[in-house]
Amino acid sequence: IKENPVNAIEVKGIKRKKLYHILLHKDLEKLYNDYKEKYNMTLSGKRNAMILSMLIYQGLNSRAITNLKLNDLKLKSGELYVSGTRTDNARILKLASHQIMDLIEYTLQVRQAILTTNNKQTNDLFVTQSPKGNNIKNVLHLLSKELRQINKNFDCLPQLRASVITHWLKLHNLREVQYMAGHKYVSSTESYLVNDLEDLQDDINKFHPL
């Protein structure tokens, strides 16, 4: 035939998920501990260490970090409430035991000291030292740069979330991980299964004729 009958057809809505180099759980913990050791001497460093802990232990994304409020912390029960958005469901996540003491120090001392320097008042959990607003995006950008200096395998903050969810999928069933990640659809959780290249490599080593 001279004309292609499907030439004018446009397929919309195709989403291609980026594959990340998945960091092992021990590598995530080392990244967190190395960051604390290097930057925990300043107010901003202590704040950023708390942000990093929630990226690693609760698998939060940048939007969730930005939306966290002071009353979302439930320190007595060791839990964190993450509010829902247009794309994510609300959920309640467990805090790691070592996070609780650090968060007590952050909320009572570090956060208050940062607010006092600029005489600001806000209910945001994470606050900046800038007198103009409370733009956490700049803080997250700086945190990414600092993490790249610590670990050459670190690429970006979404890589941390992908690594955490991939790790969760090895420990919990799909529906549990869907809840923990705040995904509205289980297909969003299933898409992280392609990140687990470790099992695929084992299959290649076992079954490939070479």
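In the predicted model, V82 stands opposite R91 of strand β3. V82 belongs to strand β2, which spans residues 79-82. Strand β3 covers residues 91-94. The two strands run antiparallel and are joined by four bridges. A further partnership in this pair links L80 to L93 of β3.

The two faces of β2 differ in cover. L80 and V82 lie on the covered face. E79 and Y81 lie on the uncovered one. Thus L80, the bridge partner of L93, and V82, which stands opposite R91, are both on the covered face of β2.

Strand β2 also pairs with strand β1, residues 73-74. This pairing is antiparallel too, with two bridges. Here K74 stands opposite E79 of β2, and E79 is on the uncovered face of β2. The β1-β2 hairpin has four residues between its strands. Within this hairpin, G78 adopts a positive phi near 70°.

Together the strands form an open sheet of three, ordered β1-β2-β3 with antiparallel pairing. Strands β1 and β3 are the edges, each pairing on one side only. Strands of a sheet pair through backbone hydrogen bonds, either parallel or antiparallel.

Among the helices, α1 (residues 25-39) packs on α5 (residues 136-150). Their axes lie 10 Å apart, at an angle of about 105°. Angles of 65 to 115 degrees count as roughly perpendicular, so α1 and α5 are roughly perpendicular to each other. On the α1 side, the contact is made by L31, D34, Y35, K38 and Y39. On the α5 side, L143, E146, L147, Q149 and I150 take part. By class, the contact residues comprise six nonpolar, one polar and three charged. An α-helix has 3.6 residues a turn, so residues three or four places apart point the same way.

Helix α6 spans residues 157-171. Its 15 residues should span 21 Å at 1.5 Å a residue. The C-alpha atoms at its ends are 22 Å apart, which agrees with the expected span. Helix α6 is mostly covered, with eleven of its 15 residues buried. The buried set includes the leucines L157, L160 and L169. V164, I165, A162 and W168 are buried as well. So are Q159, R161, S163 and T166 of α6.

Definitions and conventions: Residues are numbered from 1 along each chain as its sequence is written. This is a predicted model: local features need pLDDT of at least 70, side-chain atom pairs count only at pLDDT 80 or more; totals for chains, interfaces and linings use all residues. Side-chain values use heavy atoms; hydrogens and water are left out. Buried means under 20% relative accessible area, exposed over 50%, partly exposed in between (1.4 Å probe, protein chains only). Two strands pair if DSSP finds at least two bridges between them. The expected span of a helix is 1.5 Å times one less than its number of residues. Axes are lines fitted to C-alpha atoms, for helices over the stretch in contact, and angles run from 0 to 180 degrees between N-to-C directions. Angles under 35 degrees count as roughly parallel, over 145 as roughly antiparallel, 65 to 115 as roughly perpendicular and the rest as oblique. Contact means heavy atoms within 4.5 Å. Ala, Val, Leu, Ile, Met, Phe, Trp, Tyr, Cys and Pro count as nonpolar, Asp, Glu, Lys and Arg as charged, and the others, Gly among them, as polar.
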